[in-house]
Amino acid sequence: MVSSSSSLTSGTLPSSPSFFSNDRSLPSLNPIAPSPSLPAIRSSALAVTSRSKGRRCLIRRMNVSKGDGSETAPSDMIFVPILEDGVFRFDSSVEHRNAAFPSVSFKNSKDREVPIPSHIVPAFTPTYSLLEEQQVVTFQFSPGTSFYGTGEVGGQLERTGKRVFTWNTDAWGYGPGTTSLYQSHPWVLVVLPTGETLGVLADTTRKCEIDLRKEGVIRIISPPSYPIITFGPFSTPTAVLQSLSHAVGTVFMPPKWALGYHQCRWSYMSDKRVAEIAQTFRDKKIPSDVIWMDIDYMDGFRCFTFDKERFPDPSALAKHLHNNGFKAIWMLDPGIKQEEGFDVYDSGSKNNVWVKGADGEPFIGEVWPGPCVFPDYTNSKARSWWANLVKDFISNGVDGIWNDMNEPAVFKVVTKTMPENNIHRGDDELGGVQYHSHYHNVYGMLMARSTYEGMELADKNKRPFVLTRAGFIGSQRYAATWTGDNLSTWEHLHMSISMVLQLGLSGQPLSGPDIGGFAGNATPRLFGRWMGVGAMFPFCRGHSEAGTDDHEPWSFGEECEEVCRAALKRRYQLLPHFYTLFYIAHTTGAPVATPIFFADPKASRLRTIENAFLLGSLLIHASTLSNQGSHELQPILPRGTWLRFDFEDSHPDLPTLYLQGGSIIALGPPHLHVGESSLSDDLTLLVSLDENAIINFVYSQGKAVGLLFEDDGDGYGYTEGRYLITHYIAERQSSVVTVKILKTEGEWERPKRRIHVQLLLGGGAMLDAWGMDGETIQIKMPSESEVSALISTSNERFALHMENTKLIPEKEVLHGQKGMELSREPVELNSGDWKLNIVPWIGGRILSMTHVPSGVQWLHSRIEMNGYEEYSGTEYRSAGCTEEYNVIERDLEQAGEDDSLILEGDVGGGLVLRRKIAIPKDNPRVVQIASTIEARSVGAGSGGFSRVHPTFCLMHSTEAFVSFTSIDGTKHEVWPDSGEQLYEGNNLPHGEWMLVDKSLNLGLVNRFDVSQVFKCVVHWDCGTVNLELWSEDRPVSKESPLKIEHEYEVASFP
C-alpha cells in the first residue's frame, strides 16, 4: 500500500511512514535508500523518489519485477528529438519520461525536456527491460564497433570487455580492474566500423552499471526512471563531443598560468619550505608556475584556517611567490570539524547547511580533523554560504583552490563514504529532497561549482581555477581534475595516458595524473619518463604522498633533472598551442588530447594504440616500458604525412613528436613561467605541408594552415572582443613556400614581433626563415635531391645522438627504503583465468590478483601493506609480513606444466616461511597457494604458527558479504555491519567460503583443508575485507612443518 503525507521542506524531516506520498506513483520509478522510518532490511521493495510541480517529496513504490530474478522481455524505447539535429532523448514510456528527475549534467536542464522539430530519426534505437527493479537499457551495434569514454577509469583505452560502475569512490592505489573511481561519467563514445561515431549518455545521478563485456553491446543498468540521450551518429568523434558540449557545457577557460607546470606534495610543511622549493625551480632554471599547499597548511585540518606557526602569514607567502613568478593553490575539503567555537562550524550550524543523517540531525563522519559535518551543496543556501567563505579565503592571496576528499570520503566505515540514507535538501531544479544515494555522484561537482562561484565573487576580473577529485559529467564547467591517488609504477605511467584520454572523450579535457605517481617512490628513469609524457598532458602537475622521498624534478640525480628540464621547456614552448587548443575547447567543445584514431576514425589498427596521443595536429609517441627508449619504438601513425621534429633536445626518455601534414602550430620562447612572456616575444611557426592539392583551381605542391589565439591570459576581455585570432597559411608553388596571414579575428592590434618560420622536411630536417608578423615570408625550396640529402643527414645524426645518449640510470634499491620497492618490477603469473603480481622483496606479497575473464581485480594493494600477506605469529603484521623473500623456483607455463612461483622468507628462530603460488595447467580456473613454516636450523620444540591474511577490495561494499556453510551445517551470511567475526570448532566453514559481490553477480571462492585450519576470521575495514585462515599453534620441527594449502576460484552468484 502507498500512504500519503505532506511534502518535506528544508527544515523538516520524516518521523513516520506518513511522510511517503503517492503523488505520481508509477510501476517503475526512481528507487532510493529506505526511509529512516522503515527498518533497514534487504528487500526487493524499494523506496523511490518522484517529483511534482511545486512539491518535493519522497515516495514508496511497489514491486514491479517478478521476484524470481528474471528479466522482462525487451521493448523499444520511445524517443523525441531535443537540443539540435541528431540528438535524441529515449525513455521507456511517456509515464517514465514524466517521472524522470531533472538533469544535473545538462548546463540547462530544460534543454533535455523540450522537444524540437526535426525530420531526422534515430539510427539506433535502444531497448529497455526490467531486472530486479532495475531499468536495463541495451544497444546493439555491428561487429568491429569500438567503445570509449566511461569517464575516469583505469585499464585499457578501448573499453570492450570492461564493466564500470558509476559510484564516486576514494580509490587509493586503484588498478586497471578497479570498477569505480573518483568520478562518474555514464557516457559511452561509440565508434562504428565506418568511423561514424555515436554518443550515449545515461542521464542519471544514481549508481549505474555500464556493461561493455560483449562485443558491440552496451548494457546500462540503473534504478528507473532515467532517460538515454544519444548524440549522432556523426561523421567524426569530434563532432559528437562538440554536440555533447552543447548539452553538458564546455570546459571553463583556464587562466594561461594554469597550463604551466604545477609542483605539489603532501605536504610542504611550512612557508619556508614552500619558498625554498620555489627558489630552487628558479635557480635550476626549470620552468614552473604553481606551488600547491596540501592539507597540512591548516590549523588542525580545519578548512579556511592556517597553522599559526608553520604558515603564520599566508598573504606574505603569496606575495613572495607572486614576486617570484609563482601562483599559490590551497586545498579545501568538504569535511568541517565539528567543534563549537570554530567559526566555520558555528556559522554553518547557524545557517543549517549540513547534510542530515537518517535521524534528521547533522550527519557526523570521521575525516582528517576528526568528527566532521558536511555542507549540503545540493542546496542553494549552502552553496551560497560556502561561496562566501571562499570569497573571503581568496583575500589571503589564494590563486586557486583544490577540492579533495569530495566523493565524499569518510574514514572508519566500510563504504568509505556517508550512508546512502542521509538526507539532502536539494533545490527543486536538481531533484528536490533526496537521499544521499541520489546525490552521491554529484556531490563533488556541486562542491566544485560552489568553489568556482566563490572565486568569481572574489574577483570578477580573474578566471577561477578549481581542481576537483570527485566529479560528474558536466564538472568541466567548473573545475579541472586529476586521476587520483595513483602508484609510482610503470603500469600506472602507461595507464595514465588512457585515463587522460578517456576523461577528454567524456567531456573533461583539463586533466592529468600525479606525475611520477602519488604512492611509493619513483626511480629516476620512471620519474623522468613520466615527466616527458606528463609535460604533454593538458594538466601538468607533479605530486607525491607523505612519507615518500622527495619527488621534485631535481630529486633523482643530474640525468633525470636534465630530462625534466627539457620536458618542461618543451611544454612552455608549446604553450601558445596548448592555450589555443583550450580556447577552441572552451568555445566549441572540441577535445584537447585525443587518441590517434581521431586523425583517421576508419582505421581500426589505430583504435587500441595506448602509448601515443594527439594534441590537435601534434602527435606524441612515448615509450612506457622501462628498458625501451622512445627511439626504439616502431611508430604506428595515421595515414597521411607526419613529420618528426624536436627542439634539439631528443632523448630516449622523452617522447617523439610528429606534426601532421597540412598543419601550422605556434611556439613561444621557453620562459621559466607564464608571467615572463610578452606579446612582443619572437613567435615561431612550425609548418608541415601536406601532399599535393588543388587550391582555388591552382595546382599546389603542398599547403598547411593553423591558428593562434591570444589574449591577456586571464580575465574575460576575450568575451568582449579583446583578443586576436590569427589564421596562418603556408603554400608551396613551384620551388617557393609562402607563409602569410589568411585572416584575423578580434579587436586586438597585431603585436610588433619577429616571426621565425621552421618548415619541416622530414626526419627532423627543417628550413628556417625570419620576418615580421603580418608580412609575407617566403622560403625557397632546395632541389628534390638536396631535400633528400638533408633528411638523410638529419636521420643519421638523430640515430647517432640516440645511440650515444643513454637512458636515465635506475637507482639502486635499498632494502627497507619505504616506497622505493614500488618501482621495481613485480613477478607476474599470467595464466589461465588469473593474472597475479608478486613482490618477493617485501613479504612475498601478492600485490594484485585479477580474474581475467571477468576483468575484476579482487585484490589490489599498496606495496608495504595489505594485499596477500602471511604471518608467522598471531600478532598483526608479525614476522613473515615484510621480510625479503627469495625466489627459489620460477616455472613459466610450458606444455603440461603449471605456471608457478616458489618463495622463501626467513622469519627468525630458525624458521622459514615457504610459499608456492601456482595456476595449474589441468585446472586454470584456480590459483593455488601452499604455505608451510619449516624448521631449518632448530630441533623439535620450536613454536610455530601460520596466519594467512589476504585483504580483498570491496568494489561495491553495500552489496558485498561472505557466505559459507559451517561444519555443523549452519548457513552464514556475514555482512559488513557485523564488524569482525571469528569462527572455530563446528562453526568453522566446511572447507570453503565465498566473498560475494551482488552487483557483479560473482563470488570469490576460497577452498581450504579443514584439517589444517583451526580458526577463520572475517574482518571488515574501510573498503576492504580480510578472509583469514589461522593454523594451530604448535611446535615445528623439520619432520612436522605447519601447512595451510588453499585455492581461489571465481564463480557466478547466485
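This is a chat between a trainee and a mentor about a predicted model and its strands, helices and cores.

Trainee: Before we start, what kind of model is this, and how are residues numbered?

Mentor: It is a predicted model, with residues numbered from 1 along each chain as its sequence is written; local features need pLDDT of at least 70, side-chain atom pairs count only at pLDDT 80 or more, and totals for chains, interfaces and linings use all residues. Side-chain values use heavy atoms, with hydrogens and water left out.

Trainee: Thanks! Where is Val1050 found?

Mentor: Val1050 is in strand β66 (residues 1042–1052). Helices (H or I, at least four residues) and strands (E, at least two) are DSSP runs, numbered from the N terminus.

Trainee: Is Val1050 buried or exposed?

Mentor: Val1050 is buried, because its relative accessible area is 14%. Buried means under 20% relative accessible area, exposed means over 50%, and partly exposed is in between (1.4 Å probe, protein chains only).

Trainee: And which residues does Val1050 touch?

Mentor: Not counting residues up to four places away in sequence, Val1050 touches Trp834, His851, Trp858, Leu1002, Gly1003 and Leu1004. A contact here means heavy atoms within 4.5 Å. His851 is 199 residues from Val1050 along the chain, with 7.4 Å between their C-alpha atoms.

Trainee: Trp834 should be in β48, then. How many residues of β48 are buried?

Mentor: Five of the six residues in β48 (residues 834–839) are buried, so that strand is mostly covered. β48 pairs in the antiparallel sense with strand β47 (residues 827–831) over five bridges, and with strand β49 (residues 845–851) over six bridges. Two strands pair if DSSP finds at least two bridges between them.

Trainee: Which residues are partners there?

Mentor: Glu828 has Asn837 in β48 as its bridge partner, and Val839 stands opposite Arg845 in β49.

Trainee: What about the turns of those hairpins?

Mentor: β47 and β48 have two residues between them, and Gly832 in that turn has a positive phi of about 55°. The hairpin of β48 and β49 has five residues between the strands, and Gly843 takes a positive phi near 75° there.

Trainee: New topic: why is β57 described as largely enclosed?

Mentor: Seven of the seven residues of β57 (residues 947–953) are buried, so the rest of the structure largely encloses that strand. Arg947, His949, Thr951 and Cys953 point one way, while Val948, Pro950 and Phe952 point the other way. In a regular strand the side chains alternate between the two faces of the sheet.

Trainee: Which strands pair with β57?

Mentor: Strand β51 (residues 868–871) pairs with β57 in the antiparallel sense over four bridges, with Tyr871 and Arg947 as bridge partners. β57 also pairs antiparallel with strand β64 (residues 1024–1030) over five bridges, where Cys953 stands opposite Thr1024.

Trainee: Speaking of cysteines, how many disulfides are there?

Mentor: Zero in the whole structure, where a disulfide is a pair of cysteine sulfur atoms within 2.5 Å. Cys1016 counts as buried because its relative accessibility is 0%, whereas Cys1022, at 25%, counts as partly exposed.

Trainee: What is in the largest nonpolar core?

Mentor: The largest nonpolar core has 167 residues, and those with the most contacts inside it are Tyr297, Trp330, Phe465, Phe613 and Leu615. A nonpolar core is a set of buried Ala, Val, Leu, Ile, Met, Phe, Trp, Tyr and Cys residues joined through side-chain atoms within 4.5 Å. Leaving aside neighbours within four places in sequence, the contacts of Leu615 include Met536, Phe578 and Ile620. A second, separate core of 53 residues includes Met849, Leu913, Val962 and Val1025.

Trainee: Now a helix: how far does α7 reach?

Mentor: Helix α7 (residues 380–394) has 15 residues and reaches 21 Å from its first C-alpha to its last, close to the 21 Å expected at 1.5 Å a residue. That expected span is 1.5 Å times one less than the number of residues. Among the buried residues of α7 are Trp385, Trp386, Leu389 and Phe393. The buried residues of α7 pack against β19 (327–332), β20 (336–337), α6 (343–350), β23 (400–403) and α9 (443–458).

Trainee: Last one: in what order do the strands run in the open sheet with β5 and β9?

Mentor: The order is β5-β6-β16-β13-β12-β9, with antiparallel pairing. β5 (78–81) and β9 (146–149) each have a single partner strand, so one side of each is left without a neighbour in the sheet.
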